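I opened this entry to look up two things, the backbone at a few loop positions and the packing of the nonpolar interior. The sequence and structure come first, and my notes follow.

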Amino acid sequence: LPDGQGMQAEEDAEFVGARVEAGLRAARFSSPPSSEEFAASIEPKNVPAVFRGVLNGSAASSRWDPLHGGLDYLLEKVGPDVAVEAMMSSTGHVFYGDLRSHERVSIPFSTFMHSCKSYLGGLNAADDSSKDKGIGEEPTCSEEMCSASLENSEQLYLAQVSILNTENKERCSLEVLKEDIQEPIFLKGRPFSSINFWMSRAHMRSSTHYDPHHNLLCVVAGCKKVTLWSPSASPFLYPMPVYGEASNHSCVSIEEPDYSSYTRAKYMKEYSERVVLNCGDALFIPEGWYHQVDSDDLTIAINFWWKSRIMTEMLEHMDAYYLRRILRRLVDTEMDKIAQKNSFSHAQENNGFQPTDKALRRSEQFNLHNEVKSHDTSDKKGATDTSDKKVLKRLTKIT
């Protein structure tokens, strides 16, 4: 393959980074599991899973396919007067989470469908023109056709349009489409917080982000390529501050990453896995897992969101306790890393003598205790870089 085509083929293929732990790699299922199997051995692991052909034969997959009359069906099903909220990007075909790079706009659903029909007509005409000129030539189109097919194609995206929303039923502008959706058998009995409709007119990319709910992403038509990172890869993704907008999104640009500002981001790919979802396929994305999605032209998907068991059972009056436990575990993890590093140094300095991890851990805890004690007895006004600040500063790198 020529260099350009070879690079594109590599981007389109599935991929597992060299540093992805074996236990964190997405599981693959050639057929849907039972609800009991999903509840007992898939969902509790909080690791992604790919299910092939989940929607095959469903009403949505047979009726909504843009290549087989699906656009006309959706036009008639939803009707001419229904308005939906779409995302308008100011950064081309890339949709970033911060409010400065996109805005929500209300448009008639029928307008978007007609736009997709125009785009599809342009693609078909270009394909026919290519066949007439000979195999292997790049498809071309007239200036008028290209103008029509490219208008807003890379800037408009129907994202998270509600079909079901248990918290706000008034937002369900596409509720009528629920008649075509049958929940996958392994999700039977799940209390969904929402079911959403997603559609791209042209190729588009979402920014890297995580969701606060478990997610089953199902491709109804077209193709999506999803890149995944475990929550433990946060240090390489630079999530936005928790107190700001879009706190679940990465600060790192997916097309022009600034490695001088985000130095650890150069290792992002090594901690990632990319899966390819074709028509009928589904992907379980556990809460907290970062993902970045590429959608092909005229791709339609639905997703199911539901609260995880831990979030459902986490009582608000226990938050302070859980936070202390989590911080304690993070501190212990950091101490283990320091101990291992010091162990290697000691081994080199003492001709192979290596203290036990337990002894080193006790030494680190003793040193930290002395630092904290020293801080408590010092002049608080003069203490500008205290030990607890050091610990918190280190913890921010892993959260």
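I located Asn-46 in the loop that runs between α2 (35-42) and β3 (49-51), keeping in mind that this is a predicted model. The phi that I read for Asn-46 is positive, about 55°, although the residue is not a glycine. I then looked up its exposure and found Asn-46 partly exposed, with a relative accessible area of 33%.

I went on to Tyr-238, which has its place in the loop between α7 (234-237) and β12 (272-278). Tyr-238 is not a glycine either, and yet its phi is positive, at about 50°. Is Tyr-238 buried or exposed? I noted a relative accessible area of 15% for Tyr-238, which counts as buried because the cut-off for that word is under 20%.

Next I turned to the interior. The largest nonpolar core has 48 residues, and I listed those with the most contacts inside it as Phe-51, Trp-64, Leu-158, Phe-197, Met-199, Leu-216 and Phe-304. Helix α5 (residues 109-133) gives the most to this core, contributing six residues. Apart from this core I found another, of 21 residues, which includes Val-50, Ala-159, Trp-198 and Trp-289.

Finally I followed up Trp-64 and asked which residues it contacts once neighbours within four places in sequence are left aside. Its partners are Gly-70, Tyr-73, Leu-74, Leu-177, Asp-180, Ile-181, Phe-197, Val-220, Ile-300 and Ile-302. As background I wrote down that nonpolar side chains tend to be buried together in soluble globular proteins.

Technical notes:
Residues numbered from 1 in each chain as written. Predicted model: local features only at pLDDT ≥ 70, side-chain atom pairs only at ≥ 80, totals over all residues. Heavy atoms only, no water. Core = buried A, V, L, I, M, F, W, Y, C linked by side-chain atoms within 4.5 Å. Buried < 20%, exposed > 50% of the residue type's maximum accessible area, 1.4 Å probe, protein only. Helix = DSSP H or I, 4+ residues; strand = E, 2+ residues; numbered from the N terminus. Contact = heavy atoms within 4.5 Å.
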